[in-house]
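Biologist: I'd like a close look at the inside of this protein: the packed core, the enclosed spaces and the cysteine links. Could you walk me through it in one go?

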Amino acid sequence: MSTKLRSLCLAVALAAGTITALTAENAAALPATCKPTVRIFTMQADGDLWLYDHADPVNGSFAWAGAKQVGWGWGGKTFAGADGRVYNITTSGELRRLRYNGSGWDTYPNGLQYETIGWGWQRYLTERDKITTDAEGSLYTLEGDRLRWWMFNEQSGQWSGGSGRTIDVGWSRFHSITGSAPGALQARDAQNVLHRFRFDRTTERAMIYDEVDASADWRPGGQILSPGGDIYYSVRADTGDLVWNYYLEHVPTWNAEKVVGHGWGTDLDVTASTTDCEVTDLPMPNTSRPAPGAEGPASIALPPGIDDAHVLGVDTTGGLYDLNGGERGWTTTKATGQYVGVSDGVAGDGIATLASTSASTGDVTLHRVPTDRLPHVASLAGRMEGKPEISRRGDGTISVYAAGDRGDGTPQQRLRKLYVREQILGYSQSPEFRPWRDFGHYTTDYTGEMSVVSRVTGWTLIVARTSTGEYDVFKHVQGTVPALLGRLPGGRFPSRVVLSGDGAYGVYAFARVGDSLSYLHYDEDSGFEGQWRPVADAAAKHVTGDVLSAGEVEGRTVVTATGDCGVCATITIGENFQAWQQVAPDAGPAALVRVFPVKGTEIGVLTGPVGARRLYTAPSPPWNTPMEFTGGPIG
């Protein structure tokens with residue numbers, strides 16, 4: 001009898017009938033519940049497969065309920081999954097699925113005790129710690145820098161849609177992954193420090209991202225396994241002891257490890273059924289959905305190399321429309337479904353891509369123009385609550401920004417957070433995105449109103465309105481979450497703040513400050529420069545209303561606002577602004593005015609609601625020549 005079995009027999013004798021429940025002392029500390037025993041499978045070097053029942057998974061005492069041999073002639077790589085499922089990768093790379101039902105192995109329709117569900121998995125015969133499953137049945141593989149997700153649909157006998165997709169990058173620093181609760185992973189780095197990640201499969205949010213116990217007291221060096229519920233076991237590489245531990249999310253804290261077994265160091269694989277324990281108090285996204293309301297601001301998409309602009313928006317019924325001015329005049333196409341907002345389009349690869357939020361699901365969806373319709377190019381999930389924003393960098397990658405609840409506490413207590421989702425590769429090559437990651441101050445409630453501008457040097461500036469009327473400023477560099485730079489100077493703003501590029505490498509912020517439309521300039525090196533300054537002769541023209549829109553045309557910045565001239569516009573002259581000029585005598589609904597380039601060199605100003613759109617254009621003027629607008633209805 002081996003050392004492991006001798007120790008096991010002793011533990012069973014000591015523990016028989018005595019340890020099956022959570023003690024009162026640990027009940028408050030460990031929010032996990034477990035079955036009376038958890039099932040741990042071991043594949044030994046001689047090909048035998050054993051099943052061991054640990055009788056005190058909640059408290060981590062040295063208590064076992066039994067052991068039995070359940071297989072012979074096993075080889076390759078073995079790992080367990082949900083509800084007794086066991087996966088085996090054969091030496092030829094065949095991935096087989098089995099299920100142990102407590103008394104024996106299930107028999108499949110093919111008459112065998114296994115079902116082959118894949119081929120070509122042999123890399124995990126040598127990279128044994130880079131494949132795992134969680135309590136939901138998701139498989140995760142670590143391939144170089146990429147973390148990939150898989151799920152086998154047992155009802156259809158096929159892999160679920162999206163299986164094999166990359167869900168995150170930057171994982172080459174890890175050499176093992178272990179699944180536990182749904183979407184929960186512990187990734188181990190070269191120093192044997194464990195990093196916590198938790199992904200929500202429905203919303204594709206990262207609920208926890210790269211959380212590390214600051215003390216890093218527990219650094220397991222051998223195999224790591226979990227029966228679910230954030231309870232973990234590890235085989236010590238030096239002694240062969242089996243040790244127990246549990247993890248508390250958000251604290252974050254590992255408990256002091258406890259030795260629960262000896263003689264486990266010679267097993268090729270040690271793995272546990274991932275649904276024998278569960279934890280139920282982990283924060284999850286809210287189940288509420290946004291609802292369509294008033295007509296939102298129009299958005300603009302400018303496909304590269306095409307003269308005709310696409311005017312997009314959401315009408316009062318939640319319909320998403322595309323008003324396109326082509327050779328045959330202005331025509332309207334409409335997407336199916338209801339939406340609560342649509343971003344501007346970002347140009348690249350001969351098309352413009354835009355993002356919208358579904359009113360029925362809260363999912364953020366990508367669309368492309370020009371097309372003869374507005375197809376769903378890709379769903380980014382998210383369960384967000386308002387209009388998204390989108391940016392595109394010089395390498396062609398897209399980032400999408402949106403707001404949604406944080407997912408902690410009751411719905412009444414939940415604060416709205418900001419989220420970002422980054423494309424992994426240029427869209428022409430791959431539609432894969434990293435998970436939604438939250439950003440912003442933890443105790444701040446954001447309204448979801450944002451303005452976003454990207455610069456050619458590879459960074460994006462974001463201002464986001466808080467529920468108190470102040471604006472937080474963020475700088476986003478690819479591969480990171482947007483960094484909070486602080487509050488926008490000026491305190492509380494009565495209306496929205498709008499960003500625009502300055503025609504070079506910096507950014508303008510426009511807002512109504514007091515009785516005047518004013519601006520601040522942002523430089524990447526020095527930040528916001530000086531104090532808010534009035535735009536041109538705002539006082540003389542009584543331009544005291546809200547900023548309507550701003551944008552870059554021919555290397556210059558155009559801004560529009562309301563005043564005595566109705567819809568008023570000005571354009572930069574070097575570091576100053578021209579005198580305000582009239583665009584249209586009637587401002588109409590202020591939120592629906594937009595500035596954008598027309599045919600590359602002309603200034604376009606769009607006004608009015610759906611069904612009463614008016615487009616005014618003006619040639620980009622010489623430095624000291626006033627803009628002269630003409631125009632009329634477009635549909």
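Modeller: Here's the inside, taken from the core to the cavities and then to the cysteines. One caution up front: this is a predicted model, where local features need pLDDT of at least 70 and side-chain atom pairs count only at pLDDT 80 or more, while totals for chains, interfaces and linings use all residues. Residues are numbered from 1 along each chain as its sequence is written, and side-chain values use heavy atoms, with hydrogens and water left out.

Let's start with the largest nonpolar core (buried Ala, Val, Leu, Ile, Met, Phe, Trp, Tyr and Cys joined through side-chain atoms within 4.5 Å). This core has 19 residues, and the ones touching the most other members are I40, W64, I231, Y233, L242 and W264. Several strands (DSSP runs of E, at least two residues, numbered from the N terminus) feed into this core. At least two residues each come from β2 (38-43), β3 (49-54), β20 (231-235), β21 (242-248) and β24 (269-272). The top contributor is β21, with 4 residues.

Now the empty spaces. A cavity is a set of points on a 1 Å grid where a 1.4 Å probe fits but cannot get out, and its lining residues have an atom within 4 Å of a point. The whole structure has 5 cavities of 30 Å³ or more. The largest cavity holds about 250 Å³, where volume is the space filled by probe spheres set on the points. Its lining counts 24 residues, and I131, T132, I224, L225 and T271 sit closest to the centre. Two or more lining residues come from each of β5 (77-80), β9 (131-133), β15 (174-179), β19 (224-228) and β24. So what kind of residues line the largest cavity? By class there are 8 nonpolar, 11 polar and 5 charged, with Pro joining the core residue types as nonpolar, Asp, Glu, Lys and Arg as charged, and the others, Gly among them, as polar.

The second largest cavity has about 130 Å³ of space. Of the 13 residues that line the second largest cavity, R165, I167, F199, D200 and R201 are closest to its centre. β14 (165-169) and β17 (194-200) each give at least two residues to that lining. By class, the second lining splits into 5 nonpolar, 2 polar and 6 charged residues.

Last, the cysteines. There are 2 disulfides in the whole structure, counting pairs of cysteine sulfur atoms within 2.5 Å. One of the disulfides joins C34 to C277, S to S 2.1 Å, and with 110 degrees about the S-S bond it's right-handed. That pair ties together distant parts of the chain: C34 is in strand β1 (32-34), C277 is in strand β25 (277-279), and 243 residues separate the two. Are the two ends of that link buried or exposed? C277 is buried at 3% relative accessible area, whereas C34 counts as partly exposed at 23%. The scale here puts buried under 20%, exposed over 50% and partly exposed in between, using a 1.4 Å probe on protein chains only.

The other link joins C565 to C568, S to S 1.8 Å. Its torsion about the S-S bond is about 125 degrees, so this disulfide is right-handed. Both C565 and C568 are buried. Number the bonded cysteines in sequence order and the pairing reads 1-2, 3-4.

Notes: On a 1 Å grid over the protein atoms alone, a cavity is a set of points where a 1.4 Å probe fits but cannot get out, and a pocket is an open set with protein on both sides within 12 Å along at least five of seven lines; lining residues have an atom within 4 Å of a point.
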